[in-house]
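Student: Hey, got a minute to go through a model with me? I'd like to get the layout straight before I set anything up.

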Amino acid sequence: MTHLLHVNASARGDASRSLELATRFIDELETIDDGLTVDRLDVFDGSLPEFGTAAAGAKMAAFAGQGRTTAEERAWSEARAVFDRFDAAEAYVFNVPFWNAGVPYPLKQLVDVITQPGWAFAFTPESGYRGLLEGKRAFVVYTSGVYAEGLPPSFGADFTTTFFRDWLGFIGITDIDEVHFAPTVVNADVEGTRRAALDATLASAQRFARAERFAA
């Protein structure tokens with residue numbers, strides 16, 4: 001049995017292009033892996049805890065090996081619950097629309113909540129950082145309304161994939177498949193671009209299924 005976490009970072013509900021592809025990926029995987037279980041986390045549903053002053057204090061206390069206040073302990077416990085849910089998965093599906101050349105703010109909130117010392121990464125002064133979530137896999141859908149690779153700078157920039165790809169590697173997830181559907185708005189052949197992205201999505205699901213993790 002394989003446990004997959006689907007992180008939906010789109011605020012557009014059924015109108016979301018990225019969510020459509022992520023859902024098709026999971027549907028395809030479910031036809032192949034009958035032991036698959038799926039947990040769905042919508043970062044826009046308001047359930048993520050804030051990572052403010054108390055949580056930041058708790059994080060620095062973890063680095064320094066110091067005690068925490070009651071508020072810091074509570075904030076750390078709330079963050080830990082989210083991390084445990086994330087860490088319970090063996091594989092991940094993320095659908096990530098471009099927002100102002102970066103990721104949607106609640107997705108960054110999720111990143112900031114779970115990327116903690118001793119949980120998602122380790123650090124030593126001698127060797128630096130090391131991701132602790134090794135051996136997991138990820139499939140990421142990126143969508144953009146205007147930006148697409150190869151267009152001039154006046155059509156936007158991409159700090160979305162560079163940030164998110166780097167974060168996955170930072171926490172130890174390096175086995176990653178990506179599909180880009182772009183542009184979804186300023187595009188003379190949106191449907192053709194969508195079909196190509198869908199074909200790539202289904203092919204990625206097949207590769208996932210052939211991996212040892214999903215072997216029958």
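Student: How much of residues 3-200 is helix, and how much is strand?

Tutor: In this predicted model, residues 3-200 are 39% helix and 21% strand. The C-alpha atoms at the two ends of that stretch are 22 Å apart.

Student: What does UniProt call residues 3-200?

Tutor: The UniProt annotation for that range reads "domain: Flavodoxin-like fold", and it comes from an unreviewed entry.

Student: OK, sheet next. What's the strand order?

Tutor: E2-E1-E3-E6-E7, an open sheet of 5 strands with parallel pairing.

Student: Which strands stand at the edges?

Tutor: E2 (36-42) and E7 (175-181). Each has a single partner strand, so one side of each is left without a neighbour in the sheet.

Student: And by how much are neighbouring strands turned against each other?

Tutor: By 15° on average, ignoring direction.

Student: Let me zoom in on E1 and E3. How many bridges join them?

Tutor: There are 5 bridges between E1 (residues 2-8) and E3 (residues 91-97), and the two strands run parallel. As a landmark, Leu-4 stands opposite Ala-91 in E3.

Student: Switching to helices. At what angle do H3 and H4 cross?

Tutor: Roughly 100°, with the axes of H3 (residues 70-87) and H4 coming within 8 Å. That makes H3 roughly perpendicular to H4.

Student: Which residues make that contact?

Tutor: From H3 you have Ala-79, Val-82, Phe-83 and Phe-86, and from H4 Leu-110, Val-113 and Ile-114. By class that's 7 nonpolar residues, no polar and no charged ones.

Student: And H4 with H5, are they roughly parallel or perpendicular?

Tutor: The axes of H4 (residues 105-114) and H5 (residues 160-170) cross at roughly 20° and come within 12 Å. That makes H4 roughly parallel to H5. The crossing is left-handed.

Student: Who meets whom there?

Tutor: Leu-107, Lys-108, Val-111 and Ile-114 in H4 meet Phe-163, Phe-164 and Trp-167 in H5. The contact has 6 nonpolar residues, no polar and 1 charged. Ile-114 turns up in the contact with H3 and in the one with H5.

Student: What about H1 and H6, what's the packing angle?

Tutor: About 35°, with the axes of H1 (residues 17-32) and H6 9 Å apart. The crossing of H1 and H6 is right-handed.

Student: Which residues are involved?

Tutor: It's a long list, so here's part of it. H1 brings residues including Arg-17, Glu-20, Leu-21, Phe-25 and Leu-29, while the H6 residues include Val-190, Arg-194, Leu-198, Leu-202 and Phe-208. The contact as a whole divides into 11 nonpolar, 3 polar and 5 charged residues.

Student: Last topic, backbone oddities. Where is there a cis peptide bond?

Tutor: Between Ala-182 and Pro-183, with omega about -5°. Pro-183 is in the loop between E7 and helix H6 (190-210).

Student: And what's phi for Asn-100?

Tutor: Near 50°, so a positive value in a residue other than glycine. Asn-100 belongs to the loop between E3 and H4.

Student: Why flag those two spots?

Tutor: Because most residues other than glycine have a negative phi, and most peptide bonds are trans.

Note on methods:
Residues are numbered from 1 along each chain as its sequence is written. This is a predicted model: local features need pLDDT of at least 70, side-chain atom pairs count only at pLDDT 80 or more; totals for chains, interfaces and linings use all residues. Side-chain values use heavy atoms; hydrogens and water are left out. Axes are lines fitted to C-alpha atoms, for helices over the stretch in contact, and angles run from 0 to 180 degrees between N-to-C directions. Helices (H or I, at least four residues) and strands (E, at least two) are DSSP runs, numbered from the N terminus. Angles under 35 degrees count as roughly parallel, over 145 as roughly antiparallel, 65 to 115 as roughly perpendicular and the rest as oblique. A crossing is left-handed if the near helix is turned anticlockwise from the far one by less than a right angle, and right-handed if clockwise. Contact means heavy atoms within 4.5 Å. Ala, Val, Leu, Ile, Met, Phe, Trp, Tyr, Cys and Pro count as nonpolar, Asp, Glu, Lys and Arg as charged, and the others, Gly among them, as polar. UniProt positions are given in the numbering used here, feature names are shortened, and annotations may be inferred rather than shown by experiment. Two strands pair if DSSP finds at least two bridges between them.
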